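Let's take a walk through this protein together, from its sheets to its side-chain contacts. Have the sequence and the model at hand as you read.

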Amino acid sequence: MTKLTVASVQFNSVVGDLTGNTARIKDAVAFAQTKGADLVIFPELAITGYPPEDLVFNPQFITENLLCLQDISKVTHDAAVVLGFVDQDKEGNIYNAAALLVNGYIQYVYHKLILPNYGVFDEKRYFQSGSKTEVNELKHINFGINICEDIWDDSGPIKLQAAAGAKLILNINGSPYHIGKYSQRESMLVERATSNNVAIVYVNMVGGQDELVFDGGSFVCDGVGKV
């Protein structure tokens, strides 16, 4: 049996502090490597902070966040990294994205498929929806990456990833707190894990931004629903 050691970083990003967030991400990767991590996972939009709101309409902000991603990739020789950032395509569309960084390179980029646009969320104002999902492999373990809202839809990308052979799902989040939210998340994720026969690593940010409070609550659930 292959062993994959995963470090989940409950990160408190500062919105707009690209330099500070990047330095702290690199420090966390270095620390996780000393503990034997094969894979280090950070929350949704860890580089920019969440929610970045109208900062993403500034082209320089997008460019600098992409340069930060390249910088972080250089420290990934001993452990792979998954983290959130803002991606941009050749047409100028921007995406809530997750990157898989391996051996000093950006190996894969995932674009969030399901954009929340209710309550405190306004992501359709800023981002385009992704159009595809793939399965990656590390240490002979097939895994899928998705972002926050993606996993709340039982017919969302987790179905496609499991059907494509994923045995592990990495779900990165900027999920704000409300009363009862932790138990709501846990019961939903247990259902997703058991119905798709996959393990799930759920990592959420902590801290506060304007009226939002992020409560962490990161955990791992195996394919039979054990948390």
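What follows goes from strands to salt bridges, then to aromatic rings and the surface.

Please keep in mind throughout that this is a predicted model. A good place to begin is the open sheet, in which 5 strands are arranged in the order β6-β7-β8-β9-β12 with mixed pairing. At its edges sit β6 (135-138) and β12 (219-221), each of which pairs on one side only. From one strand to the next, the twist averages 25°. Within this sheet, look at strand β7 (residues 141-147) and strand β8 (residues 168-173), which pair in the parallel sense over 5 bridges. To find your bearings there, pick out N146, which stands opposite N171 in β8. As a general reminder, strands of a sheet pair through backbone hydrogen bonds, in either a parallel or an antiparallel way.

Now turn to strand β3 (residues 80-88). Is this strand largely enclosed or open? Of its 9 residues, 8 are buried, so strand β3 is largely enclosed by the rest of the structure. Its pairing with β2 is parallel and consists of 3 bridges, and here V40 stands opposite V81 in β3. With strand β4 (residues 94-102), β3 pairs in the antiparallel sense over 8 bridges; in that pairing F85 faces A97 in β4, the two standing opposite each other. β3 and β4 also form a hairpin, with 5 residues between them. In the turn of that hairpin you can find G92, whose phi is positive, at about 90°.

Next come the charged side chains. The count of salt bridges comes to 7, and a few of them are worth a visit. Start with K139 and D38, whose side chains meet in a salt bridge at 3.4 Å, N to O. K139 lies in the loop between β6 and β7, while D38 lies in the loop between α1 (18-34) and β2, so the pair ties together parts that are 101 residues apart in sequence. The two partners fall into separate accessibility classes: K139 has 37% relative accessibility and counts as partly exposed, whereas D38 is buried, with a relative accessible area of 19%. The cut-off for buried is under 20%.

Another salt bridge joins the side chains of K112 and E44, at 2.9 Å, N to O. This pair links distant parts of the chain, with K112 in the loop between β5 (105-111) and β6, E44 in the loop between β2 and α2, and 68 residues separating them. How buried or exposed are these charged residues? K112 is buried, with a relative accessible area of 0%, and E44 is buried too, with a relative accessible area of 0%. There is a network to trace here as well, since salt bridges link E44, K112 and E123.

R125 and D54 give a further example, their side chains meeting in a salt bridge at 3.1 Å, N to O. R125 is in the loop between β5 and β6 and D54 in the loop between β2 and α2, so these distant parts of the chain, 71 residues apart, are linked by the pair. R125 is partly exposed, at a relative accessible area of 45%, and D54 is partly exposed at 41%.Let's move on to the rings. There are 6 aromatic pairs by count. One of them is formed by Y50 and F214, an edge-to-face pair with 6.1 Å centre to centre and 70° between the planes. The pair links distant parts of the chain, 164 residues apart: Y50 is in the loop between β2 (39-41) and α2 (59-73), and F214 is in strand β11 (residues 212-215). Y50 is buried, with a relative accessible area of 5%, and F214 is buried, with a relative accessible area of 4%. Elsewhere, ring pairs link F57, Y126 and F127 into a cluster.

To finish, come out to the surface. Which residues form a nonpolar patch there? Y177, I179 and V213 do, with about 360 Å² of accessible area together. I179 is found in the loop between β8 and α4 (181-196) and counts as exposed, at 78% relative accessibility. Another exposed residue is L67, at 56% relative accessibility, and its place is in helix α2. From L67 to C148 the separation is 81 residues in sequence and 24 Å in space, C-alpha to C-alpha.

How values were computed
Residues are numbered from 1 along each chain as its sequence is written. This is a predicted model: local features need pLDDT of at least 70, side-chain atom pairs count only at pLDDT 80 or more; totals for chains, interfaces and linings use all residues. Side-chain values use heavy atoms; hydrogens and water are left out. Two strands pair if DSSP finds at least two bridges between them. Helices (H or I, at least four residues) and strands (E, at least two) are DSSP runs, numbered from the N terminus. Axes are lines fitted to C-alpha atoms, for helices over the stretch in contact, and angles run from 0 to 180 degrees between N-to-C directions. Patches are made of residues with over 30% relative accessible area and no salt bridge: like charges are joined within 9 Å, nonpolar side chains (Val, Leu, Ile, Met, Phe, Trp, Tyr) within 5 Å. Accessible areas come from the Shrake-Rupley method with a 1.4 Å probe; for residues, only the protein chains shown count as cover. A salt bridge is a side-chain nitrogen of Lys or Arg within 4 Å of a carboxyl oxygen of Asp or Glu. Buried means under 20% relative accessible area, exposed over 50%, partly exposed in between (1.4 Å probe, protein chains only). Rings of Phe, Tyr and Trp (its six-membered ring) pair if their centres lie within 6.5 Å; planes under 30 degrees apart count as stacked, over 60 as edge-to-face and the rest as tilted.
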